[in-house]
Amino acid sequence: MQDAQHIPVALDRCIALLSPAIEAKENPIIVDATLGLGGHTKALLTKFPNLKVIALDRDLSAISIATSNLSEHINRVEIIHAVYDELDSVLAKLGITEVDGILFDLGVSSMQLDQADRGFAYSQDAPLDMRMDSTDGITAAEVINTFGGKELARIFREYGEERFASRIADRIIKEREVELFTNSSRLAEVVRESI
């Protein structure tokens, strides 16, 4: 069901851009550095029967769905739980010294925004997680509940381009003294009230 709903971003353009490199080799290797649900990889593997894909993703939920979506091509795809900045070490472990193309589909996925339990969407009440890889790193709740005001303001300003960063950080510090933040709706409410 996930595969039917998933529409890969700029699919035709990605295939058009990668095709010359794939067609130039007898046994081409492409890296999908951000596998997601596997839409780009599936289309490439379907179009090019001699293609092998090394696919990385940091989201175990996405990997599970992609593995199912790619089941008919599973012998030509190597799916690895990793972040794209680990690409060099992943390829080294696989003994691959050269690839013919790399695809990066950067940004948060619709699946992460649509699933309330991931904590990315502020329009739904959810636990404050917001990790791309739910097995690694600290949660948004830990950041909101433990970082100092200056650090929170810096994060909001630099990563959220929030002009009211200091005001929001100050309000969060005040509110967490009463009760720690655990869900997205309370945080969204405090942010709205701050601006």
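This short presentation covers the salt bridges, one buried polar residue and one nonpolar surface patch of the structure shown above.

Colleagues, please keep in mind throughout that this is a predicted model.

I begin with the charged pairs. Across the whole structure, a search finds 7 salt bridges. I shall discuss some of them, starting with Lys-25. Which residues does Lys-25 meet in salt bridges? One partner is Glu-98, with an N to O distance of 3.1 Å between the side chains. As for location, Lys-25 sits in the loop between helix 2, residues 11-23, and strand 1, residues 29-32, while Glu-98 sits in the loop between helix 5, residues 87-94, and strand 4, so this pair ties together parts that are 73 residues apart in sequence.

The other partner is Asp-100, and here the closest N and O atoms are 2.7 Å apart. Asp-100 also belongs to the loop between helix 5 and strand 4, so its pairing with Lys-25 ties together parts that are 75 residues apart in sequence.

How accessible are these three residues? Lys-25 is partly exposed, at a relative accessible area of 33%. Glu-98 is exposed, with 52%, whereas Asp-100 is buried, with 19%. The assignment of Asp-100 rests on the cut-off, because buried means under 20% relative accessible area.

I turn next to helix 9. Within this helix, which spans residues 165-178, Glu-175 and Arg-171 are 4 residues apart, a separation of about one helical turn. Their side chains meet in a salt bridge with an N to O distance of 3.2 Å. Arg-171 is partly exposed, at 24% relative accessibility. The pair does not stand alone: a network of salt bridges links Arg-171, Glu-175, Arg-186 and Glu-193.

Now to a polar residue, Asn-69. Is Asn-69 buried or exposed? With a relative accessibility of 11%, Asn-69 counts as buried. The residue is part of helix 4, which covers residues 60-69. Its side chain reaches the backbone oxygen of Leu-37, at a distance of 3.0 Å.

Finally, I come to the surface. Tyr-84, Ile-102, Phe-104 and Leu-106 make a nonpolar patch of about 380 Å². One of these residues, Ile-102, lies in strand 4, which comprises residues 101-103. Ile-102 is partly exposed, and its relative accessible area is 38%.

To close, I return to Lys-25, which forms salt bridges with Glu-98 and with Asp-100, and to the network that includes Arg-186 and Glu-193. Thank you for your attention.

Conventions
Residues are numbered from 1 along each chain as its sequence is written. This is a predicted model: local features need pLDDT of at least 70, side-chain atom pairs count only at pLDDT 80 or more; totals for chains, interfaces and linings use all residues. Side-chain values use heavy atoms; hydrogens and water are left out. Patches are made of residues with over 30% relative accessible area and no salt bridge: like charges are joined within 9 Å, nonpolar side chains (Val, Leu, Ile, Met, Phe, Trp, Tyr) within 5 Å. Accessible areas come from the Shrake-Rupley method with a 1.4 Å probe; for residues, only the protein chains shown count as cover. A salt bridge is a side-chain nitrogen of Lys or Arg within 4 Å of a carboxyl oxygen of Asp or Glu. Helices (H or I, at least four residues) and strands (E, at least two) are DSSP runs, numbered from the N terminus. Buried means under 20% relative accessible area, exposed over 50%, partly exposed in between (1.4 Å probe, protein chains only). A polar contact is a pair of N or O atoms within 3.5 Å; within protein, one must be able to donate a hydrogen and the other to accept it, and residues adjacent in sequence count only if both atoms are side-chain atoms.
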